[in-house]
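This report introduces a protein structure to a reader who has not met it before. The sequence and the structure are shown first, and the description follows.

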Amino acid sequence: MLRPVRVFGAVLVLLAACSDPEPITSASPGPTVAPSPTPAATATAVTGDPFGLATRYDLDDPAELAQRLAQAEESIRAGRGDIAEHARMQQAAYRQLVRTPEWRAPAIDALPGELRPVARANVEAGAELRALTEPRTGLPPWKIVAPPPSDELRGHYAAAEGEFGIDWTYLAAIHLVETRMGRIRGTSTAGAEGPMQFLPSTWARWGRGDIENPRDAILAAGRYLRGHGAPNDIKSALFAYNHSNRYVRAITLYAQVMRDEPRAYLSYYNWDVYYRTTKGDALLYIGWPDR
C-alpha cells in the first residue's frame, strides 16, 4: 500500500514535503565548511516584487547562460567573492535550464568539462522536482526567514549522521528541498510542519523535542530514515519519506553533488525560495511578506 506524497509548494522548482509512516489505501498528490554570510546580511540582500525578482537573472541565449553559470560555479569552488550572490546566479541558471529543456544540451556542452556532471545533476534534480507539482493560483501563506547559520546546521547533520549512520548529505538535501534549509515557516497543504516537514502524527512516533527546532527535526529525520531502511537501503528510506521516485532521485542527486564538491553545501545553503504560480514564478525573499 502507498502512503501519500505530501506536496508543500515550490522552492527551486517546487517544495516537496514530508511523509506519513502509517499505510493508507491510496496515494494522493499533492558538512567541515567555512561559515556562510550571516543571516542578517542575507536577509537584506533581496527585496522587491516577488515576480520581478524571479526573472532578474534570466538570459536570452544558452551560450550566455553557460558563461554566467561557469563563472558562478568556479567562484563558489574557489571561494571568491560573495558566495550568496554566486549561489543566486547559479540557482537562477539551473532554473532557467529546467524551464527551457532545449537549452540544456548546448548550455551544458559549453561548460568546462569538470562542470558538466554537476550541471547535469542539478538540472536533472530540478526537473524531477518540477514535475511533481502544478502551478498554484496564488502565493502561499508562509513567512520567509533567515536560516540558521550554515555551520550550525552542518553540526546538526553531523550529529544525525553519527547517531544513525546516514550520510549527512542526504539530510542536508532533504532540508534543502523541504524548506530551503529552514527559510520557510508555514504548514503544508497536508498539515506537515517544521523545517523537515513532519505531519504531527509522524512526529508523535519519530520526533523528540520541538517539531520547529532545527536540531530536533534533523535528528527526527535521521531516526525516521533509519527506521525505514537507511543507511543500507537509502532509496527505500527516502521513498518512505516522500512517496515519489522523482523525489528520491532529486534528493540522491543533490546529496551526490555535496559529496563530490565540498563547497556545494554552501551554495545550496544560499539558494532562495521560489514558488510556481499561474502568473509566473515568484521569489519569496527573506522577510517576505514584509507587511
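Where is the place of Pro289? Pro289 sits in the segment after β6. The peptide bond that leads from Trp288 to Pro289 is cis, and its omega is near -10°. The model described here is predicted.

**Overall composition**

The protein contains 13 helices together with six strands. Of its 291 residues, 57% are buried. The accessible surface amounts to about 11400 Å², and carbon and sulfur atoms account for 49% of that surface.

**Backbone features**

Most residues other than glycine have a negative phi, and most peptide bonds are trans. Against that background, several places in the chain deserve attention. Besides the bond at Pro289, there is a cis peptide bond between Ala230 and Pro231, with omega about 0°. Pro231 belongs to the loop that runs between α10 (214-227) and α11 (234-241).

Arg180, a residue other than glycine, has a positive phi near 50°. Arg180 is located in the loop between α8 (168-179) and β4 (184-185). Its relative accessible area is 2%, and therefore Arg180 counts as buried, the cut-off for that class being under 20%.

Gln197 is likewise not a glycine, and its phi is positive at about 55°. The loop that holds Gln197 lies between β4 and α9 (200-206). Gln197 is buried because its relative accessible area is 0%.

**The hairpin of β5 and β6**

Strand β5 covers residues 273-277, and strand β6 covers residues 280-284. The two strands pair in the antiparallel sense over five bridges. Together β5 and β6 make a hairpin, with two residues between them. Within this pairing, Arg276 stands opposite Asp281 in β6.

In a regular strand the side chains alternate between the two faces of the sheet. How many of the five residues of β5 are buried? Five of its five residues are buried, and the strand is described as mostly covered. Val273, Tyr275 and Thr277 lie on one side of β5, while Tyr274 and Arg276 lie on the other, and both faces are covered.

**The contact of α4 with α5**

Two packed helices are described by the angle between their axes and the distance between the axes. For helix α4 (residues 83-99) and helix α5 (residues 101-109), the axes come within 5 Å and cross at roughly 125°. The two helices are therefore oblique to each other, since an angle that is neither under 35 degrees, nor over 145, nor from 65 to 115 falls in that class.

Which residues of α4 and α5 meet? From α4 the residues are Gln96, Leu97, Val98 and Arg99, and from α5 they are Pro101, Trp103, Arg104 and Ala107. Sorted by class, this contact of α4 with α5 has five nonpolar residues, one polar residue and two charged residues.

**Pairs separated along the chain**

The table lists three pairs of residues, with their separation in sequence and the distance between their C-alpha atoms.

| Pair | Separation in sequence | C-alpha to C-alpha distance |
|---|---|---|
| Gly155 and Arg215 | 60 residues | 8.8 Å |
| Ala78 and Arg263 | 185 residues | 8.8 Å |
| Gly207 and Arg223 | 16 residues | 8.0 Å |

Gly155 is part of helix α7 (residues 150-164). Gly155 has a relative accessibility of 33% and so counts as partly exposed.

Ala78 is in helix α3 (residues 62-78). With a relative accessible area of 45%, Ala78 is also partly exposed.

Is Gly207 buried or exposed? Gly207 is buried, as its relative accessible area is 17%. Gly207 occupies a position in the loop between α9 and α10. When neighbours within four places in sequence are set aside, Gly207 is in contact with Thr202, Ala220 and Arg223. Arg223 thus appears both among these contacts and in the table, where its C-alpha atom is 8.0 Å from that of Gly207.

Technical notes: Residues are numbered from 1 along each chain as its sequence is written. This is a predicted model: local features need pLDDT of at least 70, side-chain atom pairs count only at pLDDT 80 or more; totals for chains, interfaces and linings use all residues. Side-chain values use heavy atoms; hydrogens and water are left out. Axes are lines fitted to C-alpha atoms, for helices over the stretch in contact, and angles run from 0 to 180 degrees between N-to-C directions. Helices (H or I, at least four residues) and strands (E, at least two) are DSSP runs, numbered from the N terminus. Contact means heavy atoms within 4.5 Å. Ala, Val, Leu, Ile, Met, Phe, Trp, Tyr, Cys and Pro count as nonpolar, Asp, Glu, Lys and Arg as charged, and the others, Gly among them, as polar. Buried means under 20% relative accessible area, exposed over 50%, partly exposed in between (1.4 Å probe, protein chains only). Accessible areas come from the Shrake-Rupley method with a 1.4 Å probe; for residues, only the protein chains shown count as cover. Two strands pair if DSSP finds at least two bridges between them.
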